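I am opening a notebook page on this protein and writing down what I looked up, entry by entry. The sequence and the structure come first, and my notes follow.

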Amino acid sequence: MQRSLLIVSLLALGQACTPHVFSPPGRTIALEAPATVGDGETAIQVSGGASGEVFGEAVVHGGARVRHGLTDELELTVDGTAIYFTNRDSPFETSAHQGIYGARLGVKRAYTRHFALTAGMAGGGSAAGGFLSPDVGFVLGYDNPYFVPFFGGRVFLSQPLNTHEIVIVDNGMDTFHTAQTSYGFAIETGGRVPFGPREDRAGAITGGMGLTLLGDGDERRGFFGFALGLELNL
(Lines give C-alpha, C1' and ligand atoms only; values in the text may rest on other atoms or scores of the structure.)
Protein backbone atom coordinates (compact mmCIF):
# COMPACT_ATOMS: atom_id res chain seq x y z
CA MET A 1 0.00 0.00 0.00
CA GLN A 2 1.48 3.33 -1.00
CA ARG A 3 0.51 6.34 1.04
CA SER A 4 3.18 8.84 2.03
CA LEU A 5 6.78 9.28 3.15
CA LEU A 6 6.08 10.22 6.73
CA ILE A 7 3.79 8.04 8.75
CA VAL A 8 1.83 7.89 12.02
CA SER A 9 -1.64 9.41 11.93
CA LEU A 10 -2.92 11.51 14.78
CA LEU A 11 -6.43 11.37 13.37
CA ALA A 12 -7.47 7.72 13.48
CA LEU A 13 -9.52 6.76 16.56
CA GLY A 14 -10.82 3.31 17.32
CA GLN A 15 -10.51 1.72 13.86
CA ALA A 16 -8.16 1.45 10.90
CA CYS A 17 -7.97 4.34 8.46
CA THR A 18 -9.38 3.74 5.03
CA PRO A 19 -6.65 3.30 2.39
CA HIS A 20 -5.47 6.32 0.43
CA VAL A 21 -2.59 7.04 -1.95
CA PHE A 22 -0.79 10.39 -1.59
CA SER A 23 1.94 11.81 -3.78
CA PRO A 24 4.75 11.91 -1.17
CA PRO A 25 6.83 14.84 0.04
CA GLY A 26 10.53 14.74 -0.77
CA ARG A 27 11.89 14.65 2.79
CA THR A 28 11.36 12.45 5.80
CA ILE A 29 12.49 13.95 9.14
CA ALA A 30 15.08 16.68 8.56
CA LEU A 31 17.87 16.21 11.10
CA GLU A 32 19.57 19.59 10.76
CA ALA A 33 20.54 22.57 12.90
CA PRO A 34 20.82 26.15 11.54
CA ALA A 35 24.62 26.37 11.24
CA THR A 36 26.21 25.42 7.90
CA VAL A 37 29.16 23.05 7.61
CA GLY A 38 31.55 25.92 6.75
CA ASP A 39 33.24 27.31 3.66
CA GLY A 40 34.80 24.50 1.61
CA GLU A 41 33.92 21.85 4.21
CA THR A 42 31.99 18.63 3.51
CA ALA A 43 30.03 16.30 5.81
CA ILE A 44 28.05 13.11 5.25
CA GLN A 45 25.19 11.88 7.41
CA VAL A 46 23.42 8.52 7.52
CA SER A 47 20.10 8.23 9.33
CA GLY A 48 17.25 5.87 10.02
CA GLY A 49 13.96 5.75 11.82
CA ALA A 50 10.63 4.03 12.26
CA SER A 51 7.13 5.43 12.01
CA GLY A 52 3.59 4.17 11.88
CA GLU A 53 0.07 5.38 11.35
CA VAL A 54 -2.18 4.74 14.36
CA PHE A 55 -4.32 1.68 13.57
CA GLY A 56 -2.75 1.75 10.11
CA GLU A 57 0.52 1.16 8.31
CA ALA A 58 4.05 1.17 9.70
CA VAL A 59 7.31 1.96 7.90
CA VAL A 60 11.03 1.98 8.36
CA HIS A 61 12.97 4.75 6.63
CA GLY A 62 16.63 5.47 6.01
CA GLY A 63 18.73 7.89 4.09
CA ALA A 64 22.04 9.59 3.45
CA ARG A 65 22.86 13.29 3.09
CA VAL A 66 25.97 15.06 1.85
CA ARG A 67 26.36 18.77 2.56
CA HIS A 68 29.09 21.04 1.25
CA GLY A 69 29.82 24.61 2.25
CA LEU A 70 29.86 27.06 -0.66
CA THR A 71 30.57 29.90 1.79
CA ASP A 72 30.39 30.20 5.57
CA GLU A 73 26.71 31.12 5.22
CA LEU A 74 25.57 28.96 2.27
CA GLU A 75 25.65 25.19 1.83
CA LEU A 76 24.52 22.75 -0.85
CA THR A 77 22.88 19.47 0.21
CA VAL A 78 22.13 16.22 -1.62
CA ASP A 79 19.81 13.68 0.05
CA GLY A 80 18.75 10.15 -0.81
CA THR A 81 15.83 8.45 0.97
CA ALA A 82 14.22 5.02 1.04
CA ILE A 83 10.92 4.17 2.75
CA TYR A 84 9.53 0.67 3.18
CA PHE A 85 6.12 -0.36 4.49
CA THR A 86 6.51 -3.18 7.02
CA ASN A 87 3.01 -4.29 8.07
CA ARG A 88 1.85 -6.19 5.03
CA ASP A 89 -0.54 -8.10 7.31
CA SER A 90 -2.64 -4.94 7.79
CA PRO A 91 -6.40 -5.04 7.03
CA PHE A 92 -5.62 -3.58 3.59
CA GLU A 93 -3.59 -5.73 1.22
CA THR A 94 -1.91 -4.98 -2.09
CA SER A 95 0.50 -6.73 -4.43
CA ALA A 96 2.23 -3.41 -5.25
CA HIS A 97 5.87 -2.94 -4.26
CA GLN A 98 6.06 -1.51 -0.73
CA GLY A 99 8.93 0.99 -1.22
CA ILE A 100 9.18 4.70 -1.98
CA TYR A 101 12.54 6.06 -3.15
CA GLY A 102 13.66 9.64 -3.68
CA ALA A 103 16.53 12.13 -3.97
CA ARG A 104 16.66 15.84 -3.16
CA LEU A 105 18.93 18.75 -4.08
CA GLY A 106 18.75 21.62 -1.60
CA VAL A 107 20.37 24.76 -0.25
CA LYS A 108 20.56 26.27 3.23
CA ARG A 109 21.32 29.93 3.94
CA ALA A 110 22.34 30.72 7.52
CA TYR A 111 21.60 34.33 8.46
CA THR A 112 23.06 33.74 11.93
CA ARG A 113 24.34 30.55 13.60
CA HIS A 114 20.87 30.32 15.17
CA PHE A 115 18.59 30.87 12.15
CA ALA A 116 18.57 29.59 8.56
CA LEU A 117 16.26 29.27 5.58
CA THR A 118 16.11 26.14 3.39
CA ALA A 119 14.80 25.27 -0.06
CA GLY A 120 14.98 22.19 -2.25
CA MET A 121 13.59 20.10 -5.08
CA ALA A 122 13.07 16.36 -4.69
CA GLY A 123 12.03 13.63 -7.08
CA GLY A 124 11.49 9.91 -6.93
CA GLY A 125 9.10 7.09 -7.47
CA SER A 126 7.10 4.16 -6.16
CA ALA A 127 4.60 1.65 -7.48
CA ALA A 128 2.14 4.57 -7.73
CA GLY A 129 4.44 6.40 -10.20
CA GLY A 130 6.92 9.25 -10.02
CA PHE A 131 6.78 12.59 -8.22
CA LEU A 132 8.41 16.02 -8.00
CA SER A 133 8.33 17.82 -4.66
CA PRO A 134 9.63 21.38 -4.00
CA ASP A 135 9.88 22.65 -0.42
CA VAL A 136 10.86 25.80 1.49
CA GLY A 137 11.42 26.10 5.23
CA PHE A 138 13.34 27.45 8.20
CA VAL A 139 15.51 26.13 11.04
CA LEU A 140 15.92 27.70 14.49
CA GLY A 141 18.44 26.56 17.09
CA TYR A 142 20.91 27.51 19.77
CA ASP A 143 24.40 26.82 18.43
CA ASN A 144 26.98 25.83 21.07
CA PRO A 145 29.79 23.25 21.48
CA TYR A 146 27.81 20.78 23.62
CA PHE A 147 24.15 20.26 22.68
CA VAL A 148 22.36 22.13 19.88
CA PRO A 149 18.55 22.04 20.18
CA PHE A 150 16.72 22.84 16.95
CA PHE A 151 13.22 23.44 15.67
CA GLY A 152 12.27 23.63 12.00
CA GLY A 153 9.31 23.84 9.69
CA ARG A 154 8.64 23.71 5.97
CA VAL A 155 5.84 23.74 3.41
CA PHE A 156 5.86 21.48 0.36
CA LEU A 157 4.03 20.44 -2.77
CA SER A 158 4.16 17.00 -4.42
CA GLN A 159 3.22 16.63 -8.08
CA PRO A 160 2.70 13.05 -9.33
CA LEU A 161 4.20 12.01 -12.66
CA ASN A 162 3.37 9.02 -14.88
CA THR A 163 0.90 7.72 -12.29
CA HIS A 164 -0.09 4.07 -11.96
CA GLU A 165 -3.30 2.80 -10.42
CA ILE A 166 -2.82 0.88 -7.17
CA VAL A 167 -5.27 -1.91 -6.32
CA ILE A 168 -5.89 -2.28 -2.58
CA VAL A 169 -8.07 -4.98 -1.03
CA ASP A 170 -10.34 -3.29 1.53
CA ASN A 171 -12.66 -5.65 3.46
CA GLY A 172 -12.45 -8.22 0.70
CA MET A 173 -13.18 -5.77 -2.12
CA ASP A 174 -10.73 -4.37 -4.67
CA THR A 175 -10.41 -0.58 -4.46
CA PHE A 176 -8.52 1.50 -7.00
CA HIS A 177 -6.28 4.46 -6.09
CA THR A 178 -4.25 6.98 -8.08
CA ALA A 179 -2.02 9.67 -6.56
CA GLN A 180 -3.14 13.30 -6.89
CA THR A 181 -1.27 16.55 -6.36
CA SER A 182 -0.53 16.66 -2.62
CA TYR A 183 0.50 19.49 -0.31
CA GLY A 184 1.22 20.11 3.34
CA PHE A 185 3.64 21.26 5.98
CA ALA A 186 6.02 19.62 8.44
CA ILE A 187 7.54 20.58 11.79
CA GLU A 188 10.53 18.92 13.45
CA THR A 189 12.41 19.26 16.70
CA GLY A 190 15.46 17.52 18.08
CA GLY A 191 19.05 17.91 19.19
CA ARG A 192 22.57 17.64 17.82
CA VAL A 193 25.56 16.49 19.93
CA PRO A 194 28.96 17.32 18.35
CA PHE A 195 31.93 15.06 19.11
CA GLY A 196 35.69 15.24 18.61
CA PRO A 197 38.14 18.00 19.54
CA ARG A 198 36.37 21.32 20.07
CA GLU A 199 38.66 23.09 17.58
CA ASP A 200 38.18 20.39 14.91
CA ARG A 201 34.91 18.51 15.31
CA ALA A 202 34.82 14.99 13.85
CA GLY A 203 31.03 14.90 13.49
CA ALA A 204 27.79 14.80 15.43
CA ILE A 205 24.97 12.53 16.57
CA THR A 206 21.51 13.96 15.87
CA GLY A 207 18.06 12.79 16.88
CA GLY A 208 14.65 14.24 16.24
CA MET A 209 10.94 13.73 15.78
CA GLY A 210 8.53 15.29 13.33
CA LEU A 211 4.89 15.84 12.46
CA THR A 212 3.70 16.14 8.86
CA LEU A 213 0.22 17.21 7.76
CA LEU A 214 -0.47 15.96 4.26
CA GLY A 215 -3.50 16.44 2.03
CA ASP A 216 -4.90 16.39 -1.49
CA GLY A 217 -8.32 17.05 -2.99
CA ASP A 218 -9.90 14.11 -1.14
CA GLU A 219 -8.04 13.47 2.12
CA ARG A 220 -6.08 15.22 4.90
CA ARG A 221 -4.01 13.23 7.37
CA GLY A 222 -1.36 13.80 10.00
CA PHE A 223 1.77 11.66 10.39
CA PHE A 224 4.37 11.43 13.17
CA GLY A 225 7.80 9.82 13.28
CA PHE A 226 11.31 9.86 14.71
CA ALA A 227 14.85 9.39 13.39
CA LEU A 228 18.48 9.16 14.52
CA GLY A 229 21.49 10.16 12.47
CA LEU A 230 25.30 10.03 12.55
CA GLU A 231 27.28 12.72 10.68
CA LEU A 232 31.01 12.67 9.95
CA ASN A 233 33.05 15.62 8.73
CA LEU A 234 35.25 14.67 5.78
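**Entry 1: E32**

I began with E32, which I found in the segment before β1. I kept in mind from the start that this is a predicted model. Is E32 buried or exposed? I noted that E32 is buried, because its relative accessible area is 7%, and buried means under 20%. I then looked for a partner of its side chain, and found that the side chain of E32 makes a polar contact of 3.2 Å with the side chain of R27. When I left aside the neighbours within four places in sequence, I listed R27, R65, K108, T118, V139 and F150 as the residues in contact with E32.

**Entry 2: the second largest cavity**

I met E32 again when I looked up the second largest cavity, since E32 is named with F138, V139, G152 and E188 as lying nearest its centre, out of 13 lining residues. Two elements, β7 (129–141) and β8 (148–161), give two or more residues to this lining, and I noted that β8 has the largest share, with five residues. The space in this second largest cavity comes to about 90 Å³. By class, I wrote down five nonpolar, four polar and four charged residues for its lining.

**Entry 3: the largest cavity**

How many cavities of 30 Å³ or more does the structure hold? I counted six. The largest cavity has a volume of about 220 Å³, and 19 residues line it, with T28, I29, S47, D79 and T81 closest to its centre. I noted that β1 (42–52), β2 and β3 each supply at least two residues of this lining, while the largest share, five residues, comes from β2. Sorting the lining of the largest cavity by class, I found five nonpolar, 11 polar and three charged residues.

**Entry 4: the largest pocket**

I turned next from cavities to pockets. The largest pocket holds about 530 Å³ of space, and of its 24 lining residues I recorded T36, R113, R192, R201 and N233 as the closest to the centre. Both β2 (58–69) and β11 (182–195) supply at least two residues each to the lining of this largest pocket. Which classes make up this lining? I sorted its residues into seven nonpolar, five polar and 12 charged.

**Entry 5: E231**

I followed R192 from the pocket lining to E231, because I wanted to see a polar contact between their side chains, and its length is 3.0 Å. E231 lies in strand β13 (residues 220–233), and I noted that E231 counts as buried because its relative accessibility is 0%. Not counting residues up to four places away in sequence, E231 touches A43, I44, Q45, R65, R67, R192, F195, A202, G203 and A204. I marked R65 in this list, as R65 is also among the residues in contact with E32.

**Entry 6: strands side by side**

I looked up how the strands pair, beginning with β3 (residues 74–85) and β5 (residues 99–112), which run antiparallel and are joined by 11 bridges. In this pair L74 stands opposite R109 of β5. I then moved on to β5 and β6 (residues 115–126), which also run antiparallel, with 12 bridges between them, and here R104 stands opposite A122 of β6. What do β5 and β6 form? They form a hairpin, with two residues between them.

**Entry 7: N162**

I stopped at N162 because of its backbone, reading first that most residues other than glycine have a negative phi. N162 has a positive phi of about 50°, although N162 is not a glycine. I found N162 in the loop between β8 and β9 (166–170), and I noted that N162 counts as exposed because its relative accessibility is 63%, where exposed means over 50%.

**Entry 8: the whole protein**

I ended with the protein as a whole, which has zero helices and 13 strands. Of its 234 residues, 47% are buried. I also looked at contacts between residues at least 6 apart in sequence, and found that 63% of these join residues at least 24 apart.

Terms used. Residues are numbered from 1 along each chain as its sequence is written. This is a predicted model: local features need pLDDT of at least 70, side-chain atom pairs count only at pLDDT 80 or more; totals for chains, interfaces and linings use all residues. Side-chain values use heavy atoms; hydrogens and water are left out. Two strands pair if DSSP finds at least two bridges between them. Helices (H or I, at least four residues) and strands (E, at least two) are DSSP runs, numbered from the N terminus. Buried means under 20% relative accessible area, exposed over 50%, partly exposed in between (1.4 Å probe, protein chains only). A polar contact is a pair of N or O atoms within 3.5 Å; within protein, one must be able to donate a hydrogen and the other to accept it, and residues adjacent in sequence count only if both atoms are side-chain atoms. Contact means heavy atoms within 4.5 Å. On a 1 Å grid over the protein atoms alone, a cavity is a set of points where a 1.4 Å probe fits but cannot get out, and a pocket is an open set with protein on both sides within 12 Å along at least five of seven lines; lining residues have an atom within 4 Å of a point. Grid points are joined across faces, edges and corners, and a volume is the space filled by probe spheres set on the points. Ala, Val, Leu, Ile, Met, Phe, Trp, Tyr, Cys and Pro count as nonpolar, Asp, Glu, Lys and Arg as charged, and the others, Gly among them, as polar.
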